[in-house]
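Trainee: Could you pick a single strand and walk me through how it sits in the fold? I'd like one close look rather than a tour.

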Amino acid sequence: MSHHNSTPCSAPNETASGLPPLSIAPARVIRGVRAIEQAGDEIARLGRRPLLVGGDRSLSLVVDRLAPIWQQQPLTWAQATYNPDCSEATLARLKQAVADHQADLIVATGGGKSLDAAKLLAYGCGLPVVTIPSSAATCAAWTALSNIYSDDGAFLYDVGLAKCPDLLVLDYTLIATAPQRTLVAGIGDALAKWYEASVSSGRSEQTLIVAAVQQARVLRDLLLQKSVAALERPGEAVWREVVDATVLLAGAIGGLGGAQCRTVAAHAVHNGLTHLSAAHGTLHGEKVAYGILVQLRLEETICGNQLASAARQQLIEFYAAIGLPSTLADLGLENITLGELHHAAQVACDPKSDIHRLPFAVVPEQLMAAMVSTNAPPENRRGGIDSISRDLGDAAGDDSGDVCSSDSQDRSDLS
Ligand SMILES: [Zn+2]
């Protein structure tokens, strides 16, 4: 990777004295077909009175799988749901459930929000936590981060946790029971690592952040190359590799990059959309995938960034092949009012939003324009763009001809 731009990274914390602590990875990862059945001793090492936290679907699936472990060890367990959302009210209720059961361990199952709720619960109670993802929709089973929503599902804020889970049990048998759509969403969420990390941290000179950004590129390439095959062959080797990519590698990148390697516009757009009730039928990763296109569209329309334009066209083709949404209509939002669109854009442009990690200023009106034009034909397309390979699997390119003023990012979206 060539760092031809030596301007210091915009990250405010890049002083040796103020480096934030890292929570890189779970202490242990057990994975495999029927991995739950192999995890009994590891779970029992962490506590004797587990509280199992999950959603209705995930709980019904894992309770039968865990029952022999509870019996064998033996462990005294109770269960609680995270309904209606990963919210402050839910957390208060779950804390009461911990007290009622005198739990000394949290075991969490679910696709994202349930894991976030359980991790934050464990952190708040000072208890160890085991995560058992029931789908590959997010990397929440890995990370030391929880997103908090309102009871109605509107994103409010995120909380950094002191550590990653004590144990992650990646059971392919369980994940294979989840709707295919959850893996598609996980692919969208994982893709964002590259498009966001390369913008927020692409010019960092810090070794671990350089490594995180490069791994985000590797992750994107793996997903572009293997996702179609994985979705055609659920449960098979290529499918397991893509599950590992979305649940494990995406989490590892977040861990390695740490608090300095932040999300940018794609997640900010997601956060804004969660404030529209009409958007609640779609999954986190679906909104984030659409948000990547919005981010690229901003780079294209505000900076005239032709690589962003080409990357957007490439992703639109990829999204169509695997079933990710490219437009508001694809998200079921074709009938939202101008006022709703403006509200979502305002939330996304909140002063504290990560959207302001873009190397240029964005106001809600510009964001709205980008949100309604994610599938527009490339703007002002000329020059060498056509000659650059747009093959989805071609990972050769490394140099950026990026033209976004002096803030050009050292990254290629075409590789
Ligand atoms: Zn995400």
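Mentor: Sure, let's take β2: P50, L52 and G54 point one way from it, L51 and V53 point the other way, and all of them are buried. Buried here means 20 or more other C-beta atoms within 10 Å of the residue's own (12 or fewer is exposed, anything in between partly exposed), with C-beta atoms placed from the backbone. That two-way split fits a general pattern: in a regular strand the side chains alternate between the two faces of the sheet. Strand β2 covers residues 50-54, and 5 of its 5 residues are buried, so it is largely enclosed by the rest of the structure.

Before going on, a caveat: this is a predicted model, where local features need pLDDT of at least 70 and side-chain atom pairs count only at pLDDT 80 or more, while totals for chains, interfaces and linings use all residues. Residue numbers start from 1 along each chain as its sequence is written. Strands (E, at least two residues) and helices (H or I, at least four) are DSSP runs numbered from the N terminus, and two strands pair if DSSP finds at least two bridges between them.

Now the neighbours. β2 runs parallel to β4 (residues 105-110), joined by 4 bridges, and L51 has I106 as its bridge partner there. Another 4 bridges tie β2 to β3 (residues 78-81), also parallel; in β3, L51 is partnered with A78. To get from β2 to β3, the chain passes through helix α2 (residues 56-72), a right-handed β-α-β crossover: with the strands pointing away from you, the path from the first strand over the helix to the second runs clockwise.
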